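Open the model in your viewer and switch to a cartoon view. This tour moves from helix to helix, then into the pockets.

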Amino acid sequence: MLVEPPGAPTVPRRRQGSGGRLRALDGLRLVAALMVAAYHYGGRDGEVAEAWGSSPKLQFPTLHEFFAYGCLGVQVFFVISGFVICMSGWGRPLKSFFASRASRLLPAYWVAVVIVTAVFALPMVAYKAVSPSDALVNLTMLQMPLGVDRVLGVCWTLWAEIRFYALFALCVVLPGANRRRVIMFCAGWLLAAVIAENANMPLLDIVLMPEYAPFFIGGVGLYLVHLDRRDAYGWGIVAVSWLVGQHYAVQSLWHAPDAGGFSYRSATGIILVVTFGFVAVAAIALGWLRWANWRWLTVAGALTYPFYLVHEHLGWVVIHALHRGLGLPSAATFSLTVASMLLLAWLLNKYVENPLTPRLRAALAKAR
């Protein structure tokens, strides 16, 4: 019988029948992205109200109350990310992990920054473009810590993802992933994040991300459950992460009703959406959704990231053109805007990600 030396990296043994691509996870990614799009198009005021010509709550008298919960698609994304990063980082050397993450994020991101900057610079587009210097800084993905204007509104979530990747790489991938190390990483990060909440030290908040850590950690715990559904430590990590995560979500997204704004998210509704994210990934981890194995789900998963990058700012331009320019009804404008952003995402995936991602991955993997 082989005994694992303390701290040795191991390749996990998946549960029987859990092999192959988890296509349901691809579908869940797109669901989360569409939730965020619904929020950006019909669940908030701001620039999108200028595109519609009035507040979205007037454009969607009933649906805007549901669209307002779409911002929680980000938390669902973070749970998925915790699961996927643990799965992809286990048994992989640091260089390979870095090459995989960088090649996945950068090509579509660079092109999205260029497209949005160019569109916003057009004379007929009413939205303000960032300065040339800030646009160049945006190409680094470091615009958030540098405090410069963002080209893509959603890029704040990428900054959270990058910090998670860095923590996971340093604490798990670099020394070598094994179950014990992953458990200690989850427990240590969650405890440190909770302590940082009241430490009054901005650096700790930046590094440990108390508000979002429970969702990444919960996804990592669900990967442990994917490997062994009887893993009590994995279930414990998931349970504590859900309990802490719903607290942060309610704390940041609920406020007292305000007749002049979007105040339709109840604490119960927020908890239910957070729970949906955890339960959906858990169902995939446990193999309950193996029947959802349609090929189009892989395509849906491939479109999610480029769609997420371009949908918000370019969506304003399309909404303005269709609703105020052509006079299309709100429902038709909403549907056609989503469809046009999905088409653009398909083009980005086909002509940017597919040719450039493997080349960038290979170049980074070979570099000394």
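Is the crossing of α5 and α12 left-handed or right-handed? Select both helices and look. The model is a predicted one, and in it α5 and α12 cross in the right-handed sense.

**Stop 1: α5 and α12**

Select residues 73–89 for α5 and residues 213–227 for α12. Their axes come within 7 Å and cross at roughly 45 degrees. Angles from 35 to 65 degrees fall outside the parallel and perpendicular classes, and α5 and α12 are therefore oblique to each other.

Now show side chains. On the α5 side, pick Gln75, Phe78, Val79, Ser81, Gly82, Phe83, Cys86 and Met87. They meet Phe215, Phe216, Gly219, Val220, Leu222, Tyr223 and His226 of α12. Colour this contact by class: 10 residues are nonpolar, five are polar and none is charged.

**Stop 2: α12 and α14**

Keep α12 and add α14, residues 267–285. The axes of α12 and α14 come within 9 Å, with a crossing angle of roughly 25 degrees. That angle is under 35 degrees, and α12 and α14 are therefore roughly parallel to each other. The crossing is right-handed.

Which residues of α12 meet α14? Select Pro214, Phe215, Gly218, Leu222 and His226. Across from them, in α14, are Val274, Phe278, Val281, Ala282, Ile284 and Ala285. The class count for this contact is nine nonpolar, two polar and no charged residues. Leave Phe215, Leu222 and His226 of α12 highlighted: they appear in the contact with α5 and in the contact with α14.

**Stop 3: α1 and α5**

Return to α5 and add α1, residues 23–42. The two helices pack at an angle of about 155 degrees, and their axes are 8 Å apart. The angle is over 145 degrees, and α1 and α5 are therefore roughly antiparallel to each other. Their crossing is left-handed.

From α1, select Leu25, Leu28, Arg29, Ala32, Ala33, Met35 and Val36. From α5, select Gly73, Val74, Val76, Phe77, Ile80, Phe83 and Val84. By class this contact holds 12 nonpolar residues, one polar and one charged. Phe83 of α5 takes part here and also in the contact with α12.

**Stop 4: the largest pocket**

Turn on a pocket surface. The largest pocket has a volume of about 1000 Å³. It is lined by 37 residues, and those closest to its centre are Arg29, Val84, Arg101, Arg104 and Gly301. Arg29 and Val84 also belong to the contact of α1 with α5.

Which elements give two or more residues to this lining? They are α1, α5, α6 (94–120), α9 (155–173), α15 (295–325) and α16 (330–366). The largest share, nine residues, comes from α5. Colour the lining by class to find 16 nonpolar, 11 polar and 10 charged residues.

**Stop 5: the second largest pocket**

Move to the second largest pocket, which holds about 680 Å³ of space. Of its 33 lining residues, centre the view on the closest to its middle: Arg44, Arg150, Gly153, Glu312 and His313. At least two lining residues come from each of α1, α5, α6, α9, α13 (232–253) and α15. Here α15 gives the most, with four residues. The lining divides into 16 nonpolar, eight polar and nine charged residues.

**Stop 6: Val119**

Finish in helix α6 by selecting Val119. What is Val119 in contact with, beyond its neighbours within four places in sequence? Select Val125, Leu314 and Val317. Then draw a distance from Val119 to Gly327, 208 residues away along the chain. Their C-alpha atoms are separated by 22 Å.

Note on methods. Residues numbered from 1 in each chain as written. Predicted model: local features only at pLDDT ≥ 70, side-chain atom pairs only at ≥ 80, totals over all residues. Heavy atoms only, no water. Axes fitted to C-alpha atoms, helices over the stretch in contact; angles between N-to-C directions. Parallel < 35°, antiparallel > 145°, perpendicular 65-115°, else oblique. Left-handed = near helix turned anticlockwise from the far one by under 90°. Contact = heavy atoms within 4.5 Å. Nonpolar A, V, L, I, M, F, W, Y, C, P; charged D, E, K, R; others polar. 1 Å grid on protein atoms, 1.4 Å probe; cavity = no way out; pocket = protein on both sides within 12 Å on 5 of 7 lines; lining within 4 Å. Points joined across faces, edges and corners; volume = space filled by probe spheres on them.
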